[in-house]
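Please open the model in your viewer and keep the selection tool at hand. The stops below proceed from the whole chain to single residues.

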Amino acid sequence: MELQGAIVVITGASSGFGELAALRFGRAGSTVVLAARRADRLEEVARRIRERGGTADTVVCDVADVASIEALAATVRERHGRIDVLVNNAGIPGGGRFDGLTAEQIEQVIRVNVLGVLQATRAFLPMFLERGRGHVVNIGSVAGEWPYPGGNVYGGTKAFVKQFAHNLRADLLGTRVRVTNIEPGMAETEFSLVRFQGDPERSAKVYEGTEPLTAPDIADIIWWVT
C-alpha cells in the first residue's frame with residue numbers, strides 16, 4: 001500500500017502505541033485521523049505531526065460508545081471521503097484477581113477492548129469494501145495467548161480480538177481488505193501506569209531486570225505491516 005496520502009484512522013491516539021503510530025504514519029506522508037477521548041492530548045499529538053510537515057485531523061471519540069464511533073466514521077467520510085488503514089488501538093487494562101473486580105470494572109474492559117474493536121471495524125468496513133482495498137490492524141497482546149495473575153478479563157478480551165481477526169480475515173477473503181492482529185509482549189508505556197492506578201513504583205517494578213518493548217517499537221511494526 002502506498003502510504004503517501006493514505007487516510008489512516010487510529011483509535012486511542014492520545015498516548016502510547018497510538019500516539020507513536022500516529023507520528024510514524026505522519027512521517028510517511030499519510031493523513032492521520034487521531035481519535036481518543038482527551039481532546040487536549042489529541043491536539044498536542046496533531047501539533048507534533050504538523051510541525052514535522054505531516055497532516056493530522058482530530059476527532060474526540062469514546063470507543064465504549066457506539067454512537068461516538070459512528071460519529072467518527074461519519075466525520076471521516078465527510079472530511080476525507082475514504083479510509084485506507086484503521087488501527088484499532090484503543091484499550092484499557094483490567095488488573096487484579098477476578099474475585100476482587102466489580103461488575104462495572106469487568107464491563108468497562110469488555111466495552112473498550114472487545115466492543116470497541118467490533119463496532120469501529122463495523123463502522124468503517126463499508127468504506128473499505130467500497131474501494132475494494134484497505135487494512136484493519138488490531139492491537140492484541142501476548143496476554144491473549146499466555147496467562148498471568150490478574151490478567152483474567154484483559155487476557156480474555158485479547159484472545160477474543162485475535163479470534164475476531166482470524167474470522168474477519170476469512171469473511172474478507174478475495175476483497176483485498178487485509179486484517180492483521182499485532183500481539184505486543186511486555187511494553188513500557190503509560191498503559192502500565194493506568195494498570196497500577198498511576199503508581200510509578202509498581203509500574204516500574206514490572207520491568208525490573210528486563211529490556212521491555214517501547215511504544216516506538218510497536219509503532220514501527222504497525223507502520224511496517226501496512
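The tour begins with the overall view and then turns to three selected residues.

This is a predicted model, in which local features need pLDDT of at least 70 and side-chain atom pairs count only at pLDDT 80 or more, while totals for chains, interfaces and linings use all residues. Residues are numbered from 1 along each chain as its sequence is written, and side-chain values use heavy atoms, with hydrogens and water left out.

**Whole chain**

Select the chain and display it as a cartoon. Eight helices and six strands are present; these are DSSP runs numbered from the N terminus, with helices (H or I) of at least four residues and strands (E) of at least two. Followed from the N terminus, the order is β-α-β-α-β-α-β-α-β-α-β-α-α-α.

Next, show the C-alpha atoms alone. Along the principal axes they fill a box of roughly 45 × 40 × 30 Å. The radius of gyration of the chain is 17 Å, which agrees with the value near 17 Å for a compact globule of 226 residues; the radius is taken over C-alpha atoms, and the globule rule is 2.2 Å times the number of residues to the power 0.38.

Colour by accessibility. Of the 226 residues, 49% are buried (buried means under 20% relative accessible area, exposed over 50%, partly exposed in between, with a 1.4 Å probe and protein chains only). Among contacts (heavy atoms within 4.5 Å) between residues at least 6 apart in sequence, 70% join residues at least 24 apart.

**Ser-14**

Select Ser-14, in the loop between β1 (7–11) and α1 (16–27). Is this residue, Ser-14, buried or exposed? Ser-14 counts as buried because its relative accessibility is 5%. Now add Arg-38: the side chains of Ser-14 and Arg-38 make a polar contact at 3.2 Å (a pair of N or O atoms within 3.5 Å; within protein, one must be able to donate a hydrogen and the other to accept it, and residues adjacent in sequence count only if both atoms are side-chain atoms). Leaving aside residues up to four places away in sequence, Ser-14 also touches others, including Glu-19, Ala-36, Arg-41, Leu-42 and Val-45.

**Arg-176**

Move to the loop between α5 (152–171) and β6 (177–182), where Arg-176 lies. Although not a glycine, Arg-176 has a positive phi of about 70 degrees. Arg-176 is exposed, with a relative accessible area of 61%.

**Glu-2**

Finally, select Glu-2 in the segment before β1. Glu-2 is exposed, at 56% relative accessible area. Add Ala-28 and draw a C-alpha distance: Glu-2 and Ala-28 are 26 residues apart along the chain, and their C-alpha atoms are separated by 9.5 Å.
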